[in-house]
Amino acid sequence: MHESTAAPEWADELTETRCSSCGAAPTAMSLPKPVPSTSASPSLLVVDDELPVLKVVERLAAKAGFEVETCASGTEALRMLMRKPSDLAMVDLRMPDVNGLDLLRQIRANVPGCEVILMTAYAAVDSAVEAIKLGAREYLTKPFDFDRLRDVLVDIRLELERRAQVVALESQVAKQLEFCGMLGRSPVMQELFSLIQRLAPHAKVVLVSGETGTGKELAARAFHQAGPRRSKPFVTINCSAVVDTLFESELFGHVRGAFTGAVESKAGVFEAAQGGTLFLDEVGELPLSVQAKLLRALEYGEVQRVGSLQPKKVDVTVIAATNRDLRSEVAAGRFRGDLFYRLNVVEVTLPPLRDRREDIPYLTAAFMRGCAQRMHKPMTGLTPPAERLLFQAKWEGNIRELKNVIERACMLSDGTLVSERELAGAFGPETQAAAPLRVRTSDNGARAPEAPAPLDEIEREHILDVLRQVNGNRMAAAKVLGISRRALYRRLERHNLGDEAPRPAAARRLS
Ligand SMILES: Nc1ncnc2c1ncn2[C@@H]1O[C@H](COP(=O)(O)OP(=O)(O)OP(=O)(O)O)[C@@H](O)[C@H]1O
Ligand SMILES: [Mg+2]
């Protein structure tokens, strides 16, 4: 597609070089100045067997802020990239020695940090779709639309510079957005931190709910640390790991001879936590008979060791956690209603990671920093396709799963950036990455794989998909899509998505 035929006014300076394909005379440019950076300009390798194309792109890209090298052969290009990886490669689709798609595959596999733009004089939907699926950043048709070429290059240059700064900043920001060991920059997490901070000095009984791996134990510890009992004990009991017959003794203790094997008197966790906090993990697993006794301890602030008639006063803050829906457990008769209401005076719900995807980069940066230090490796971040993969995964195991995936990826990685392949290898069987591109559906919703969707339509759908996943957050969506925010706005406009695109919802309130 040659979207504009008139030579733009910025093309004046380039009159000595005419594009061999379109014959247009590219002229002067007024490009946004490269962001001042302490590091060198991003690097670009242009690969095309036509010398005039190399010259035009070289001059345009240099003006757009790239340090440019050119190469007329695909095989040589790969050799050059393996020797010295560049940030971006512009690759011709048809070259005598190598097919551009094959070269794209090789680059993706061997030079993971290098973005690729495919160029072709033979535009075809098939190769465009294939190129994007293989991870190409853009697909440009010759003769070039110089305005578009300039925009694409400037966008990528800004994005590369921003990314280099973001990688450095993310670790720093992650530190600043920490509350008692919990990280979170999403509004819902910020609100949760503020809630814990406000409640911690007063709450005596708290119920923390949320799916597995969302950080319930961390939240309980945060309550303890933010409250007046921080210097006193924090004692944990996991109710799913206690044998039924020993529950009472574990919670309240026993006296010598209370039952067979009780050779010594022993304090329970309530007494052990005296003055501090008792964390009852997986409280939904508590047998009904023990629930009544727990209720008594909470109401009267006293416990009775098994085998003793003497009640003891205890002063503890009790934080109970559950990943079960206790309301339905009550309805099903498996959990006492009176205990539930006693526990949920203050209820804090940890949101699943899929509902706060904007936290993923910050959590990732922090986990990666920790791994790099522990493993003595030079990792600083992820390649853009790997970042996208992280964003699209379902994260049913929430933050614990993300932490494990990053840890495994760091073990597998030898470079500074974790690649898509290393990340995919690190996904356990529990992690399902979402399909990066959607198959086109017909009006009645049926799949129509034999009729590939036009690139524009795929792009439009993909943008909508990503915006939905990040709750309409433009900045986060641009990051997932690997483009600048400015470029995202331009695409929203081009696809007429002004009304249809999801917008950030007001911060959700926690009770
Ligand atoms: N907000 C957070 N910031 C940083 N790390 C977190 C955060 N939330 C959870 N984690 C980490 O994720 C892992 C799981 O957290 P935690 O054990 O608190 O989850 P949980 O909800 O209690 O899980 P489960 O229901 O399986 O017991 C831990 O390694 C924890 O350090
Ligand atoms: Mg837990």
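Let's walk through this predicted model, starting with a sheet of strands and ending with the ligand.

Look for the sheet to begin with. Five strands make it up, and it is an open sheet with parallel pairing. Reading across, the order is β2-β1-β3-β4-β5. Notice what happens at the two edges: β2 (67-71) and β5 (138-141) each have a single partner strand, so one side of each is left without a neighbour in the sheet. As you move from one strand to the next, the twist averages 20°.

Now zoom in on one pair. Strand β1, residues 43-47, runs parallel to β2, and 5 bridges link the two. To find your place in this pair, pick out Val46, which stands opposite Thr70 in β2.

Next, turn to ligand 1. Which residues come nearest to ligand 1? There are 17 residues around it, and those that come nearest are Leu183, Thr212, Gly213, Lys216 and Arg400. Three of these can be followed atom by atom. Leu183 uses its backbone: an N or O atom there lies 2.8 Å from a nitrogen atom of ligand 1. Lys216 uses its side chain, where an N or O atom is 2.6 Å from an oxygen atom of the ligand. The side chain of Arg400 also has an N or O atom 2.9 Å from an oxygen atom of ligand 1. Taken alone, the ligand exposes 630 Å², and the protein buries 86% of that.

Finally, step back to see where this shell comes from. At least two of its residues are supplied by each of β7 (182-183), α7 (216-226), α13 (360-375) and α15 (398-412). By character, the shell residues divide into 6 nonpolar, 6 polar and 5 charged.

Technical notes. Residues numbered from 1 in each chain as written. Chains lettered and ligands numbered in written order. Predicted model: local features only at pLDDT ≥ 70, side-chain atom pairs only at ≥ 80, totals over all residues. Heavy atoms only, no water. Pairing = 2+ DSSP bridges. Helix = DSSP H or I, 4+ residues; strand = E, 2+ residues; numbered from the N terminus. Axes fitted to C-alpha atoms, helices over the stretch in contact; angles between N-to-C directions. Near = heavy atom within 4 Å. Polar contact = N/O pair within 3.5 Å; in protein donor to acceptor, adjacent residues only side chain to side chain. Areas by Shrake-Rupley, 256 points an atom, 1.4 Å probe, with all protein chains shown as cover. Nonpolar A, V, L, I, M, F, W, Y, C, P; charged D, E, K, R; others polar.
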